[in-house]
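User: I have a model here and would like to understand the labels attached to it. Could you take me through the reasoning behind them?

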Amino acid sequence: MPRPFFLVLSRRWLWAGVILMGSLIVLALYGTFPLAIYTLNALPSEILYDVMLDPGHGGIDPGGIGRDEIYEKEFTLDIVLRMRRILETAGLRVGLTRDTDRDVSHLVKNGTRHRRDLLGRYKLMNQARLGMSIHTNAARSSSERGAIVFFMKNSYIDRIYAQIAFDELERVQEMNHQEIVPRDNLVLLKAKPPVLLIEVGFITNEQDLQKLLDEGFRENVAQALSTAILKFFAWQEGEQSES
Ligand SMILES: [Zn+2]
């Protein structure tokens, strides 16, 4: 009598099957974000704003937490509201992913709250010619301090934008990295327009925290980053008139 096929399968083949299934599951999980991004980038999006400003976190998501329950989400919103005032005065159409203490997960239907929030911000970025996401950093080591400018790896335009932002930010804040930092794993940087992610300082460092708590410093940062945006547009216009 012939044996059923599963008894014929050797143990080695069974393991190969298990490993294959596992790899497929891992790939499917990793694939979720890129797939959503390709879909969003394939959709035609109407350009409604010159610049989209994104105050990191908000609502249920406090972002980094400093001593005495000081939240990243409050600093990021304050700096972005200042930037909106400065840039609107300069004549730009300024969009904000949020202008109150909330997240933007309601803009996307499926997935976890975190994923919906991130893709919601991403979707809004695609409505602008340029984007900037503002954050404060947190580290286990309280000695880590200063600002970081992240830009999309291998993008010529984004690199120029990042360098302009770095040069302006350096006037008002110490830098953590002494140069702009290329990344290819930050979702927001993959949006259609050039987008930078700016860490203005470490909420976990006492010196940076004291600066962040100072309204004058937040205004200086807002001024510096707004100047960077205006300078980038001026550079872009120069490029276009030359070609
Ligand atoms: Zn953050």
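Analyst: Happy to! Helices are DSSP runs of H or I with at least four residues, and strands are runs of E with at least two, numbered from the N terminus. By that count, this predicted model has 7 helices and 8 strands. Its C-alpha trace spans about 85 × 50 × 35 Å along the principal axes.

User: What makes Val18 partly exposed?

Analyst: Partly exposed covers the range between buried, under 20% relative accessible area, and exposed, over 50%. Val18 has a relative accessible area of 49%, so it is partly exposed. You will find Val18 in helix H2, residues 11-42.

User: Which residues make the nonpolar surface patch, and what makes Val18 eligible for it?

Analyst: The patch is made by Trp15, Val18 and Ile19, and its area is about 350 Å². A patch residue needs over 30% relative accessible area and no salt bridge, and Val is on the list of nonpolar side chains. With 49%, Val18 passes the area cut-off.

User: Why is Ser45 called partly exposed?

Analyst: The reasoning is the one used for Val18: under 20% would be buried and over 50% exposed. Ser45 has 27% relative accessibility, so it counts as partly exposed. Ser45 sits in the loop between H2 and strand S1 (49-55).

User: How do you know what Ser45 is in contact with?

Analyst: Contact means heavy atoms within 4.5 Å. Setting aside neighbours within four places in sequence, Ser45 meets this with Asn126 and Lys192. As for Met125, it is 80 residues from Ser45 in sequence, while their C-alpha atoms are 9.8 Å apart in space.

User: Why is Asp208 said to have no salt bridge?

Analyst: A salt bridge needs a side-chain nitrogen of Lys or Arg within 4 Å of a carboxyl oxygen of Asp or Glu. For Asp208, the nearest side chain of opposite charge is Lys211, at 4.1 Å, and Asp208 has no salt bridge although it is buried. Asp208 belongs to helix H6, residues 206-213.

User: And what does Asp208 touch?

Analyst: Leaving out residues up to four places away in sequence, Asp208 touches Arg145, Gly146, Gln173, Gly201 and Phe202.

User: How much of the whole protein is buried, and what supplies the area it exposes?

Analyst: Buried residues are 46% of the 243 in the protein. The protein exposes about 13,300 Å², with carbon and sulfur atoms supplying 57% of that.

Notes: Residues are numbered from 1 along each chain as its sequence is written. This is a predicted model: local features need pLDDT of at least 70, side-chain atom pairs count only at pLDDT 80 or more; totals for chains, interfaces and linings use all residues. Side-chain values use heavy atoms; hydrogens and water are left out. Buried means under 20% relative accessible area, exposed over 50%, partly exposed in between (1.4 Å probe, protein chains only). Accessible areas come from the Shrake-Rupley method with a 1.4 Å probe; for residues, only the protein chains shown count as cover. Patches are made of residues with over 30% relative accessible area and no salt bridge: like charges are joined within 9 Å, nonpolar side chains (Val, Leu, Ile, Met, Phe, Trp, Tyr) within 5 Å. Lys and Arg count as positive and Asp and Glu as negative; His and the chain ends are not counted.
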